[in-house]
Amino acid sequence: METAAAITDSVPVEKRTSLATVVGSSLIGTTIEFYDFFIYGTAAALVFPHLFFPTLSPVAGLMAAYATLAIPFLTRPIGAVLFGHYGDRLGRKKMLIVALLIMGLSTFAIGLVPGYDTIGIWAPILVITCRLLQGFALGGEWGGAATMVIEYAPPEKRGFYGTFVQLGNVIGLFTSALVFAVIPRDMLLAGGWRIPFLISIVALAVGLYIRNNIEETPLFKELKSSGAAVPRVPVMEILRRGKRAVLLAMGVRTGEIILGWLVIGFLLSYATRNLGYNSTQVLYVILAASALDMITVPLAGYLSDRLGRRPVFLFGACVAAVMAFPMFWLVDLGSFPIFLCVVAFAYAFGNGVMFAVQPAFFSEAFDTGVRYTGISLGFQLANIIGGLTPLIGTWLIQMSGGKSWSISLFLLVGSLVTIGCVLSMRETAGRRLETRPVAPAAAED
């Protein structure tokens, strides 16, 4: 296999420049979008039960806030279909600009919504409306950014370059947790929670400028100039010949998405309500986990180019399965250093490793004419489980009398589903995107 230097040298200078621009714009764009999305998850656990659901009991208020967290995951598949449709027919760049604009404006609008004590029931209604728009926008963001990067990247380095899309998720999480960590709790309740939402408008302006200055991918240009037939309705082509690929992508994400949202959305309430930690301590844990993720994500992508997508993905899934019970046993000990280390390890080496491989693994399963739609659908349909995870976790804790074994079992089952689905897919590393069929073949018996 060629060395990394040789691969880089084989790419023309002008294409290297374009690739760097595309990777940078995708990283910045996904960072902005996921920051916008994650700050709501943090606010939902810390302050929204008091601000928008004050008439409910503490547990009911928390579950109501988590329900609004889950709602946009229902519109994400709709966004995946619509953005994918026009992204596959008109181009990736146009749809990425629209997605970023919708996400940024709806996030800014949440920061302007008055509390329940000011406008009553209209407060949660307005928040839910903005959340639905966020979900719709994010439904088109990830697939477009992943498609753009993978279609630009050299075949031998798709796994590594694809991780820059995922790093946007990680950096967005880190930034959102950091912002809430530095704002005192009393200030949050007094209106400081609005700051993370309102400052996102600056990032939106920067992101729009950068995205407006990138070019369409060479593969998409080649497809359009070749005169090849492009599906009139890409999602119908997926349903005819690519259902299995979409279902496998959903299954592959199950363990990763459950582990991710247990850490991002559930631990804040669980550790503060059940274990006596304060919210700042839990935010430091999330900061540590996402910081370590910034190392494991590109490393996992790099290794997937050399070892294959399946072995690396299976490693992450096995870490999640093995850690399902020990993670919560150790968290329940009440030792903050242990809490920080075990969650950071499980998140970075379980969730992070699986998450890193997805742009390349999923993109290599679909051809250029339906790639945006196909990977968006598989990715976003799985997110419905992720959006419900904090709500499910809160319910399971109530049903099990405050014991964490039910959460661990939930994570274990999800991880086993992931392992089974990865084993059902063939290796895709190094395959030519131009010649891939719509649906990947099953693993050989």
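**Close-up views of a predicted helical chain**

**Residue I210 counts as partly exposed, at 23% relative accessibility.** The model shown here, as in every view below, is predicted rather than determined by experiment. I210 belongs to helix α12, which covers residues 200-211. Once the neighbours within four places in sequence are set aside, the contacts of I210 are with S25 and I28. A second residue, E256, serves as a distance reference: it is 46 residues from I210 along the chain, and the C-alpha atoms of I210 and E256 are separated by 30 Å.

**Residue I119 is partly exposed and sits in helix α7.** Helix α7 consists of residues 116-119, and the relative accessible area of I119 is 30%, a value that lies between the 20% under which a residue is called buried and the 50% over which a residue is called exposed. Not counting residues up to four places away in sequence, I119 touches P114 and L126. The C-alpha atom of I119 is separated by 47 Å from that of Y161, with their positions 42 residues apart along the chain.

**Residue A44 of helix α2 is buried, at 0% relative accessibility.** Helix α2 runs over residues 13-46. With neighbours within four places in sequence left aside, A44 is in contact with P49, L62 and A65. For one of these partners, L62, the separation from A44 is 18 residues in sequence, while the distance in space is 7.6 Å, C-alpha to C-alpha.

**Residue L433, in the segment after helix α20, is buried.** Helix α20 covers 405-423, and the relative accessible area of L433, in the segment that comes after this helix, is 2%; because the limit for a buried residue is under 20%, L433 falls into that class. Apart from neighbours within four places in sequence, the contacts of L433 are I150, E151, R158, L219, S363, E364, D367, T368 and R371. As a distance reference, the C-alpha atom of Y372, a residue 61 places from L433 along the chain, is separated from that of L433 by 13 Å.

**Helices α5 and α19 pack against each other with their axes crossing at roughly 175°.** Helix α5 holds residues 72-89 and helix α19 holds residues 371-399, and the two axes come within 8 Å. Angles over 145 degrees count as roughly antiparallel, and α5 and α19 are therefore described as roughly antiparallel to each other. On the side of α5, the contact is made by F73, L74, R76, P77, A80, V81, F83, G84, H85, G87 and D88. On the side of α19, the residues that take part are R371, Y372, T373, S376, L377, F379, Q380, L381, N383, I384, G386 and G387. Sorted by class, the contact of α5 with α19 contains eleven nonpolar, nine polar and three charged residues. R371 also appears in the preceding view, among the contacts of L433.

**The whole protein chain, given as context for the close-ups, has 20 helices and zero strands.** Its radius of gyration is 21 Å, close to the 22 Å that the globule rule gives for 445 residues, so the chain is as compact as a globular protein of that length. Taken along the principal axes, the C-alpha atoms fill a box of roughly 60 × 45 × 40 Å. Of the 445 residues, 58% count as buried, A44 and L433 being examples from the views above. The accessible surface of the protein chain comes to about 16,100 Å², with 70% of this belonging to carbon and sulfur atoms. Among contacts between residues at least 6 apart in sequence, 85% join residues at least 24 apart.

Conventions. Residues are numbered from 1 along each chain as its sequence is written. This is a predicted model: local features need pLDDT of at least 70, side-chain atom pairs count only at pLDDT 80 or more; totals for chains, interfaces and linings use all residues. Side-chain values use heavy atoms; hydrogens and water are left out. Axes are lines fitted to C-alpha atoms, for helices over the stretch in contact, and angles run from 0 to 180 degrees between N-to-C directions. Helices (H or I, at least four residues) and strands (E, at least two) are DSSP runs, numbered from the N terminus. Angles under 35 degrees count as roughly parallel, over 145 as roughly antiparallel, 65 to 115 as roughly perpendicular and the rest as oblique. Contact means heavy atoms within 4.5 Å. Ala, Val, Leu, Ile, Met, Phe, Trp, Tyr, Cys and Pro count as nonpolar, Asp, Glu, Lys and Arg as charged, and the others, Gly among them, as polar. The radius of gyration is taken over C-alpha atoms; the globule rule is 2.2 Å times the number of residues to the power 0.38. Buried means under 20% relative accessible area, exposed over 50%, partly exposed in between (1.4 Å probe, protein chains only). Accessible areas come from the Shrake-Rupley method with a 1.4 Å probe; for residues, only the protein chains shown count as cover.
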